[in-house]
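Hello,

Please open the structure below and keep it on screen while you read. My notes on it follow.

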Amino acid sequence: MAEVSVIIPFQAPSDYLRQTLTHLGTLRGPSFEVILLPDGPMEDELSEALGLDVRILPTGPVSPAIKRDEGAAVATGRVLAFIDDDAYPAGDWLEKAVVHFEDETIGAVAGPQVTPPDDGFWQKVSGAIFVSPLNGSAAWRYWPGDRRFFVDDWPSVNLLVRAEDFHAVNGFDNEYWPGEDTKLCLDIVRERGKRILYEPEAVVYHHRRSGFVRHMRQVGNYGLHRGFFAKRYPETSRRLSYFMPMAFFLFVVVGWVALFAGSVFAGLYTLGWALYALAIAFSTLGIFARLRDARVALATVPYVVGTHFWYGWRFLKGFLFVRDLKSTLGR
């Protein structure tokens, strides 16, 4: 029986999945099995060559949350390690993470998802947005921090959960996607009374979206669900940092009215833009300090502005106008 079950949901095999399996074949540490959850039947000629213990369970065209639940239902490991098919682990991923489950108060271990060094230029720009210092502590989701700390919300691209706790809260809430990982983390903390530890050395490399439109589509989905969750699950989603892009969106859309409301208001409006320009400069310098790539850092400027505006609108929509938000991929 494996100590860890690595669970990977996806639609169909890809070059990224082959890369994931190749890196799983180099993992050090505890014994593990791999559970692949494609939409339909697939050939697998790589796993045996890599010496991997792999099971393939076709699920049909359902959401990743449902796939992960089905994988967890047949998993034998005491720890469930969730990773996406467009991500791959560092060689010591399990070694660094699983040791923390010796502490019975730990229900899950979370690690950073770093942009791979072989990603294309615009993929690196997309990933660089997330390591901006304007993201505050959320930047450590995408860049290894310098210490361990406890969190209450984490993406499932790099999340390891004690199987006992996962099953006790009935796994992922399949009503939501994306956002199912936010709900799972909340259940682990609130219902089980367990802690989620951030381990900066438990790294996976996650390929980013290529191109401005695909990046905006992704962050827009994040914003819509976070806005809805700020209303439905305020414990972990109704936080000031999540509302700041919405404030920027409203500033852009209606703030110009201040130009016609007298010199004082016009001055405040101008000051607002000046402060935002300083924030963008701070973001660019912060990204450069982490990545040491001036071209990538400079190219993030339109991405950052677009991200703030589009995420802000989608957050506002989810918070005020969406009455119910369900995944479009169900059973």
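**Starting inside helix H7**

Leu184 sits in helix H7, which covers residues 180-190. Keep in mind that this is a predicted model. Is Leu184 buried or exposed? Its relative accessible area is 0%, so Leu184 is buried; the cut-off for buried is under 20%.

What does Leu184 touch, once neighbours within four places in sequence are set aside? The contacts are Leu159, Val161, Phe166, Val169, Gly171 and Phe172. Now find Pro155. It is 29 residues from Leu184 along the chain, and the two C-alpha atoms are separated by 10.0 Å.

Leu184 has company. Nine of the 11 residues of H7 are buried, so the helix is largely enclosed by the rest of the structure. The buried residues are Glu180, Asp181, Thr182, Lys183, Leu184, Cys185, Leu186, Asp187 and Ile188. Look at the names: Glu180, Asp181, Lys183 and Asp187 are on that buried list, and Asp, Glu and Lys count as charged.

**Helix H1**

Go to helix H1, residues 15-24. Its buried residues are Leu17, Gln19, Thr20, Leu21 and Leu24. Which elements do they pack against? There are strands and helices among the partners:

- strand S1 (4-9), strand S2 (32-37) and strand S5 (87-89)
- helix H2 (47-50) and helix H4 (93-98)

**Where H10 meets H11**

Two packed helices are described by the angle between their axes and the distance between the axes. Take helix H10 (residues 240-254) and helix H11 (residues 263-291). Their axes come within 12 Å and cross at roughly 135 degrees. That makes H10 oblique to H11. The crossing is left-handed.

Which residues make the contact? H10 supplies Phe248, Phe251 and Val252. H11 supplies Tyr269, Gly272, Trp273 and Tyr276. Six residues of this contact are nonpolar, one is polar and none is charged.

**Two loop residues with positive phi**

Next, look at two loops. Asn170 lies in the loop between helix H6 (163-168) and H7. Its phi is near 65 degrees, a positive value in a residue other than glycine. Asn170 has 65% relative accessibility, so it counts as exposed; the cut-off for exposed is over 50%.

Arg292 is in the loop between H11 and helix H12 (294-321). Phi of Arg292 is near 55 degrees, again positive in a residue other than glycine. At 63% relative accessibility, Arg292 counts as exposed.

**The whole chain**

Now zoom out. The protein has 12 helices and 11 strands. How does its radius of gyration compare with the globule rule? The value is 21 Å, close to the 20 Å that the rule gives for 331 residues, so the protein is as compact as a globular protein of that length. The C-alpha trace spans about 75 × 40 × 40 Å along its principal axes.

How much of the protein is buried? Of the 331 residues, 52% count as buried. Then consider contacts with a separation of 6 or more. Residues 24 or more positions apart account for 79% of them.

For a quick tour, begin at Leu184 in H7. Then go to Asn170, in the loop between H6 and H7. End at the crossing of H10 and H11.

Best wishes

Terms used. Residues are numbered from 1 along each chain as its sequence is written. This is a predicted model: local features need pLDDT of at least 70, side-chain atom pairs count only at pLDDT 80 or more; totals for chains, interfaces and linings use all residues. Side-chain values use heavy atoms; hydrogens and water are left out. Axes are lines fitted to C-alpha atoms, for helices over the stretch in contact, and angles run from 0 to 180 degrees between N-to-C directions. Helices (H or I, at least four residues) and strands (E, at least two) are DSSP runs, numbered from the N terminus. Angles under 35 degrees count as roughly parallel, over 145 as roughly antiparallel, 65 to 115 as roughly perpendicular and the rest as oblique. A crossing is left-handed if the near helix is turned anticlockwise from the far one by less than a right angle, and right-handed if clockwise. Contact means heavy atoms within 4.5 Å. Buried means under 20% relative accessible area, exposed over 50%, partly exposed in between (1.4 Å probe, protein chains only). The radius of gyration is taken over C-alpha atoms; the globule rule is 2.2 Å times the number of residues to the power 0.38.
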